[in-house]
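Hi,

Here is the structure I promised to pass on. Have a look at it first, then read my notes underneath.

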Amino acid sequence: MTVTLADVAARARVSPATVSRVLNGNYPVAAATRERVLRAVDDLDYVLNGPASSLAAATSDLVGILVNDIADPFFGIMAGAAQTEIGGQEGTGRAGGEKLAVVCNTGGSPERELTYLTLLQRQRAAAVILTGGALEDPVHIAAMTTKLAKLADAGTRVVLCGRPPLPGSDAIVASLAFDNRGGARRLTEHLLTLGHRKIGYVAGPLERTTTRHRLEGHLAALAAAGLGDPASGAARGEGRAGQEGLIVHGPYSRRSGYEATLELLRRAPDLTAVVAANDTVALGACAAVRDQGLRIPEDVSVAGFDDLPFSVDATPALTTVRLPLHEAGARAGRLAMGAETPPPGGIATITAELMARASTAPPRATR
């Protein structure tokens, strides 16, 4: 027999309207009354009619978390931490405050990103969290601005995690942006301090904010050391001479790191260090260096970015830049739930920390 709202009301000794208020959370209810209603919900195993409830309310119990690749620890850590906050307190077993977090895997496709946002809009999602870097394409940016505005107008809370603010958009509750420029600059400065002057760089995909910001930080460090111009064609991987020829773009994958590093060593056999766009790319770079009969760090130093869990267990342990992925994801989840006050101006820059480990060392005087 199906349990109804009236059954819950009778069990809790309150009116059906009070039960509805507790479950929808759209009206203040005394703590003792709320507890009695939730206990009745648990005892009777009552299931709220989600579609009907979302039609009556402004939003549903659904929260969407958009990621490029859930198999990538960078996104998985953030999504997992956000989902924990969205799901409510562990072990409460109550139907009055939890939200259903759904992870949407875009595969890096701008079309899929917009499609998922449309589907979440149709479901009257309570909140949407977009993780990772954004595509720097004017058409896509305009489409995203329009889509997020529609979501916000319908009552959806929009939070960016690890993604810079969207220009011209006031629909975003908060943007938690990683200091990719600062972290990349400190990483390259570390190598320069060790004495490296011939440094190869394996960059991420073109037209991604994360790629551009990390590359800009790297180039700024070189320019400050008198080794390049941050405004040169190196930002686009152009040229084959000097530092401008020591940049190769590719996907954020191990294979990309391997192939790009072989190309860098072909262009510059006297290369003494390789900086990778992230830790996964750095693993490929390490494999390429070893396959060329070279040692890490004695012959070539290798560094990554993100400080993913495996980086400290690499051999040798990987020098990298730590991003507080779990903390950022958890904060995004709280912001999406309205459980934390947004930062001033809606924007927070999250510091990146250099982790100097055994994969980097001073270069040998001669090879």
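Below is what I found around one helix and its partner.

First, the small print. This is a predicted model, where local features need pLDDT of at least 70, side-chain atom pairs count only at pLDDT 80 or more, and totals for chains, interfaces and linings use all residues. Residues are numbered from 1 along each chain as its sequence is written, and side-chain values use heavy atoms, with hydrogens and water left out.

Start with helix 9, residues 209-224. Helices here are DSSP runs of H or I, at least four residues, and strands are runs of E, at least two, numbered from the N terminus. At 1.5 Å a residue, its 16 residues should span 22 Å, and the end C-alpha atoms are indeed 22 Å apart. (The expected span is 1.5 Å times one less than the number of residues.) Just after helix 9, Gly226 has a positive phi of about 75 degrees.

Now zoom in on Thr210, which sits in helix 9. Thr210 counts as buried because its relative accessibility is 10%; buried means under 20% relative accessible area, exposed over 50%, partly exposed in between, with a 1.4 Å probe and protein chains only. Beyond its neighbours within four places in sequence, Thr210 is in contact with Gly133, Asn180 and Tyr252, contact meaning heavy atoms within 4.5 Å.

Asn180 also belongs to the helix 8 residues that meet helix 9. By class, that contact has six nonpolar, six polar and six charged residues. (Ala, Val, Leu, Ile, Met, Phe, Trp, Tyr, Cys and Pro count as nonpolar, Asp, Glu, Lys and Arg as charged, and the others, Gly among them, as polar.)

Cheers
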